[in-house]
Amino acid sequence: MKKTIASFFISCCVLIQLHAQDQKMNSFINALMSKMTIDEKIGQLNLITPGSDIPTGSVVSSNVEKKIAEGNVGGLFGVIGTEKVKQAQDIAIQKSRLKIPLLFGSDVIHGHKTTFPIPLGISCSWDTALIRFGASVAANEATADGLNWAFSPMVDIARDPRWGRVSEGSGEDPFLGSAIATAMVKGYQGNSLADKNTLLACVKHFALYGAAEGGRDYNSVDMTKMKMYNEYLPPYKAAVDAGVATIMSSFNDIDGVPASGNKWLLTDLLRSQWGFKGMVVSDYTSVGEMVNHRQGDISQVSAQAIKAGLDMDMVTEGFLGTLKKSLQEKKVSISDIDRACRLVLEAKYKLGLFEDPYRYIDPSRAAKEVLSESNRAVARKIARESFVLLKSDYKTLPLKKTTSVALVGPLANDKNNMLGTWAVSGDPQKSIPVLDGMKNVAGAGLKIQYAKGANITDDPNLARQANVFGLRVDIDKRSPDEMLQEALSIAKNADVVIAVVGEASEMSGEAASRSDITLPASEQKLLKALYTTGKPVVVVIMSGRPLVLTGSIEGATAVLQTWHAGIEAGNAIADVLFGDVNPSGKLTMSFPYSVGQIPVYYSQKRTGRPIDPNNKFSTKYLDAPNEALFPFGYGLSYTKFVYSDLKLSSNTLIKGQIIEAEVTLTNNGPFDGAEVVQLYTLDQVRSVTPPEKELKGFQKVILKSGESKKIKFTLSEPMLRFYNADLKYISEPGAFTVMVGGNSKELLLKDIILK
Ligand code: BGC
């Protein structure tokens with residue numbers, strides 16, 4: 001009782017303090033806005049990029065310095081490094097009338113200059129504490145380099161691996177996606193935005209961007225509200241609940257209205273229902289793109305966007321060019337412009353920029369923090385936690401450090417592709433290729449020979465498109481056959497072959513949708529030839545998406561999925577291949593058996609005609625299974641984990657009470673290791689058709705060889721809620737199945753009744 005009174009008292013004090021801070025901020029901003037002209041207010045809504053080294057298009061604002069001095073710019077992105085940031089901030093502070101500091105944003109997607117694995121890889125660690133820590137390290141490094149705004153996390157649920165941007169998110173599941181969204185927002189923003197080493201996070205792309213039709217980037221999205229609420233919106237909502245400061249609207253339309261001009265999305269849902277208090281920025285030129293969406297001319301779409309609830313216009317300059325006239329013509333109101341301006345100023349205020357515009361510009365911090373040894377160590381740790389062992393004969397791996405290795409494949413001695421997509425500040429030449437990593441980790445006892453074996457692709461058209469930001473696919477001067485023969489000759493003399501294949505970094509990411517997601521033909525040919533040598537072949541796959549591996553890995557003795565693993569890729573891969581670290585990653589996106597099955601994801605619904613191989617008229621393909629090749633949650637270890645004895649503290653769950661589920665996990669193999677224990681439920685009878693399984697909990701557990709542990713989950717009624725046909729978030733009493741196991745397919749089951 002005493003404790004409750006004390007914590008109530010503390011909460012009251014915190015609320016009073018927050019209220020006082022808000023009041024202070026409001027009076028500061030009221031005073032500032034009372035001095036601002038309409039032009040200056042509209043200027044704050046303008047986010048532009050002055051540089052030439054921008055990754056996503058060719059729009060470069062002219063006369064940027066003049067615009068800053070005239071108060072026509074609210075923020076910049078694509079300006080990196082304290083020196084350049086200071087030059088730009090100086091103009092705002094010394095030359096503009098009201099000296100309003102600028103925001104400096106960047107795509108800090110997976111680390112800053114110390115590049116971590118791609119986000120899809122990071123998500124496979126299922127380690128939210130590590131993910132949060134990683135985001136805080138990225139924030140520390142980015143702020144040391146002059147930035148105060150990260151365009152991350154991307155939390156778009158994605159179930160179509162043809163879409164190249166699956167690499168930037170956390171996969172297919174809303175529960176896991178929400179946990180990761182929360183961790184990243186908290187990691188970036190820390191306890192206070194005003195701290196020198198925290199920055200504004202920006203959750204994106206609001207909303208449903210991952211559901212583009214056919215997996216083709218920028219394509220239309222069409223889905224029911226019920227599916228949105230239950231399956232696609234939860235991670236954005238989790239980010240809002242975690243206090244995310246900014247949100248980026250997406251390129252796609254929703255219910256026929258582009259997200260950047262969608263009032264239902266940006267105002268009714270985001271602000272009225274979810275209570276979001278921060279600022280909304282458009283995606284790159286997405287305001288202008290509403291013209292292509294056939295919503296009207298630039299002045300119409302800009303007015304539509306600001307009235308819908310969009311605050312900052314990235315790159316289009318539609319707000320800058322048209323809003324004043326629209327105000328005069330009464331197409332927008334001053335309250336629309338004031339709202340947006342206030343929210344931009346509030347973001348600056350919360351960062352502490354009015355107190356000190358140079359807060360994030362400290363060259364001594366940059367020298368110490370950027371690309372530090374300790375940041376590289378974090379990148380290496382995250383990388384080895386992100387790898388997923390897809391196949392193992394439990395004999396070949398881990399390798400002995402004195403073994404004789406034939407290392408082959410176009411990605412085996414490659415720096416250009418280690419960082420992965422969206423590493424705008426990373427320098428590929430600072431990354432560690434696998435060949436170097438293996439030598440570093442194994443030391444002098446290792447006998448290693450290397451041969452490229454094949455090009456990533458022989459297709460000049462694909463190569464040209466993958467090479468837009470620099471050389472990624474290097475088509476060798478030698479003929480494919482010459483390369484293959486070299487690889488076969490070193491394979492014959494080795495104990496084991498390690499084949500490193502996959503995608504070039506820019507074969508996934510933005511504007512990198514693919515209709516064929518098998519390994520390129522050149523690599524498939526190499527693998528098949530290596531299998532004929534009779535040597536054990538370990539296939540290491542680097543990719544930005546789940547690939548279709550059917551037909552490519554049957555001859556392999558082991559397969560390690562490493563994604564694009566970042567600056568420390570080679571060292572981290574070697575740590576795992578030599579067993580210094582036992583792999584523990586689990587897939588967060590299903591690997592399809594074939595492209596024709598897509599979308600394939602674990603939480604699909606049962607149909608009225610469930611699959612039955614003996615019944616022609618059941619839901620199935622004639623030529624492929626219904627299930628993924630490797631399902632969500634799947635991943636092996638060098639050791640073997642066994643699940644047994646699922647017990648419930650009661651078979652009846654009463655609202656307001658809990659029951660406990662307990663399972664015994666045993667490490668039955670010869671190595672210590674970590675296992676992600678997963679909890680799923682099924683609602684056996686529901687007013688609207690339920691998914692067959694929904695993830696409701698997970699724990700990453702470390703067990704020594706031979707050790708056994710009882711793992712407990714708590715079940716409560718709110719965990720069984722869903723949005724019904726009226727979009728009410730409810731649970732329905734009745735029977736549920738509780739499932740626990742090491743992936744979404746192999747599970748122990750028990751039934752409960754919800755009363
Ligand atoms: C991407 C965003 C990114 C922005 C700024 C856009 O093309 O969709 O994710 O934050 O560019 O670089």
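**Exercise 1. Locate Leu-371 and state what marks its backbone.**

Step 1. Leu-371 sits in the loop between helix H15 (363–369) and helix H16 (373–386). Helices (H or I, at least four residues) and strands (E, at least two) are DSSP runs, numbered from the N terminus.

Step 2. Although Leu-371 is not a glycine, its phi is positive, about 55 degrees.

Conventions. Residue numbers start from 1 along each chain as its sequence is written. The model is predicted: local features need pLDDT of at least 70, side-chain atom pairs count only at pLDDT 80 or more, totals for chains, interfaces and linings use all residues, and side-chain values use heavy atoms, with hydrogens and water left out.

**Exercise 2. Find the cis peptide bond at His-205 and the one at Ala-207, and place these two residues.**

Step 1. Lys-204 and His-205 are joined by a cis peptide bond with omega of about -5 degrees. His-205 belongs to strand E5 (residues 202–206).

Step 2. Between Phe-206 and Ala-207 the peptide bond is also cis, with omega of about 0 degrees. Ala-207 lies in the loop between E5 and helix H8 (225–232).

**Exercise 3. Describe the surroundings of the ligand.**

Step 1. The ligand is surrounded by 14 residues, and the closest are Asp-107, Arg-165, Lys-204, His-205 and Asp-283. A residue counts here if one of its heavy atoms lies within 4 Å of the ligand.

Step 2. An oxygen atom of the ligand is 2.5 Å from an N or O atom in the side chain of Asp-107. For Arg-165, a polar side-chain atom lies 2.7 Å from an oxygen atom of the ligand; for Asp-283 the distance from such an atom to a ligand oxygen is 2.5 Å.

Step 3. The protein covers 100% of the 310 Å² of accessible area (Shrake-Rupley method, 1.4 Å probe) that the ligand has on its own.

**Exercise 4. Give the strand order of the five-stranded sheet and identify its edges.**

Step 1. The sheet is open, with parallel pairing, in the order E4-E3-E2-E1-E10. Two strands pair if DSSP finds at least two bridges between them.

Step 2. Strands E4 (149–150) and E10 (313–314) each have a single partner strand, so one side of each is left without a neighbour in the sheet.

Step 3. Inspect one pair: E2 (residues 75–77) and E3 (residues 103–106) run parallel over three bridges. In this pair, Phe-77 stands opposite Gly-105 in E3.

**Exercise 5. Relate domain 2 to domain 3.**

Step 1. The domain assignment, automatic or from a database, gives domain 1 (105–366), domain 2 (371–591) and domain 3 (641–754).

Step 2. Taken over C-alpha atoms, the centres of domain 2 and domain 3 are 35 Å apart.

Step 3. Five residues of domain 2 are in contact (heavy atoms within 4.5 Å) with nine residues of domain 3.

Notes:
A polar contact is a pair of N or O atoms within 3.5 Å; within protein, one must be able to donate a hydrogen and the other to accept it, and residues adjacent in sequence count only if both atoms are side-chain atoms.
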